[in-house]
Amino acid sequence: YIKEHQENVRKAFEEIKENPVIYQRYSGEILDALWGRVLIHDKSKYSEEEFVPYRKNFYPINAEEKEENKLAFEKAWEHHWKNNSHHWQYRKNKTSFDKNNTEEVLDILENILDWIAMGYKFNDRPYQYYENNKNNITLCEDERKYLEDLIYNVIDIDYIQKEDSDDNGTRE
């Protein structure tokens, strides 16, 4: 599970670095730093606090093991997002966002890579995940706008336009 996800994050990085707007908007330095994050993405899942609860949640021996693991998995998930700044939960209490701060931009970009990678597994795109979950995603207004701009106007614009075009062609 972890290796598959890490490989999907690498694949997502390759996808977005081919995006001409991403290439223009972000310097080689930012893309290089993002690649560095990709190489260590979700390493905390190998930690003592996360590995076994994640295994029991995603690969339980039986339903009883998964059920008995619920609290441990909740704690592991909390440990995970508290130790990985690319998760919006890590940033949920921030009151400002600085688009000129490289680390803050990298958090958003890695967050989107994570959503793209999960989409490979669950057959959706970041804009679809975001639409389904945005009422629960608590970010300061500037960060929300930045994230939404990247998702809707850069990363997934072609998917959204295709979906709109398909919808227009099939509705009566």
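# A guided tour: one lysine, then pockets, helices and turns

**Stop 1: K45.** Start by selecting K45, in the loop between helix 3 (28-40) and helix 4. You are looking at a predicted model, so please read every value on this tour as computed from it. Is K45 buried or exposed? With a relative accessible area of 5%, K45 is buried, because buried means under 20%. Now show side chains and add Y1: the K45 side chain makes a polar contact with the side chain of Y1 at 3.1 Å. To see the rest of the surroundings, widen the selection to Y1, I2, H5, E50, F51, Y54 and H80, which are in contact with K45 once neighbours within four places in sequence are left aside.

**Stop 2: D42.** Stay in the loop between helix 3 and helix 4 and pick D42. Check its backbone: D42 is not a glycine, yet its phi is positive, at about 60 degrees. Most residues other than glycine have a negative phi. D42 is buried, with a relative accessible area of 2%.

**Stop 3: the largest pocket.** Keep Y1 on screen and turn on a pocket surface if your viewer has one. How much space lies in the largest pocket? The volume is about 510 Å³. Its lining has 23 residues, and those closest to the centre are Y1, W77, H87, D114 and M118. Colour by element next: helix 4 (51-58), helix 6 (70-82), helix 7 (88-91) and helix 8 (102-122) are the ones that give two or more residues to this lining. Which helix gives the most? Helix 8 does, with 7 residues. If you then colour by residue class, the lining shows 11 nonpolar, 7 polar and 5 charged residues.

**Stop 4: the cavity.** Y1 and M118 are worth keeping selected, as both also line the largest cavity. Rolling a probe the size of a water molecule over the atoms shows where empty space is left. Here the count comes to 1 cavity of 30 Å³ or more, and about 40 Å³ of space lies in the largest cavity. Select Y1, E4, H5, N8, A117, M118 and K121 to display its lining. Helix 1 and helix 8 each supply at least two of these residues. By class, the cavity lining has 3 nonpolar, 2 polar and 2 charged residues. H5, a cavity-lining residue, is also one of the contacts of K45 from the opening stop.

**Stop 5: F73 and N57.** Return to helix 6 and pick F73. F73 counts as buried, at 17% relative accessibility. Beyond its neighbours within four places in sequence, F73 is in contact with P53, Y54, N57 and F58. For a distance check, draw a line from F73 to E49: they are 24 residues apart along the chain, and their C-alpha atoms are separated by 9.4 Å.

Now move across to N57, in helix 4. N57 is buried too, with a relative accessible area of 14%. Its contacts, again without neighbours within four places in sequence, are K66, N69 and F73. A second line, from N57 to L109, spans 27 Å between C-alpha atoms, for residues 52 apart in sequence.

**Stop 6: the second largest pocket.** Which residues line the second largest pocket? Select E15, I16, N19, V21, R125, N153, V154, I155, I157, D158 and Y159. This pocket has a volume of about 160 Å³. Helix 1 (2-17), helix 10 (141-155) and helix 11 (157-170) each contribute at least two lining residues. The lining divides by class into 6 nonpolar, 2 polar and 3 charged residues.

**Stop 7: helix 10.** Isolate helix 10 for a moment. Its 15 residues reach 20 Å from first C-alpha to last, close to the 21 Å expected at 1.5 Å a residue. Highlight its buried residues: E143, R144, Y146, L147, L150, I151, V154 and I155. An α-helix has 3.6 residues a turn, so residues three or four places apart point the same way. V154 and I155 belong to the buried set of helix 10 and also to the lining of the second largest pocket.

**Last stop: N123.** Finish in the loop between helix 8 and helix 9 (126-133), where N123 is found. Is N123 buried or exposed? At 72% relative accessibility, N123 counts as exposed. Its phi is near 60 degrees, a positive value in a residue other than glycine. To close, place N123 beside D42: N123 is exposed, whereas D42 is buried.

Conventions. Residues numbered from 1 in each chain as written. Predicted model: local features only at pLDDT ≥ 70, side-chain atom pairs only at ≥ 80, totals over all residues. Heavy atoms only, no water. 1 Å grid on protein atoms, 1.4 Å probe; cavity = no way out; pocket = protein on both sides within 12 Å on 5 of 7 lines; lining within 4 Å. Points joined across faces, edges and corners; volume = space filled by probe spheres on them. Helix = DSSP H or I, 4+ residues; strand = E, 2+ residues; numbered from the N terminus. Nonpolar A, V, L, I, M, F, W, Y, C, P; charged D, E, K, R; others polar. Buried < 20%, exposed > 50% of the residue type's maximum accessible area, 1.4 Å probe, protein only. Polar contact = N/O pair within 3.5 Å; in protein donor to acceptor, adjacent residues only side chain to side chain. Contact = heavy atoms within 4.5 Å. Expected span 1.5 Å × (residues − 1).
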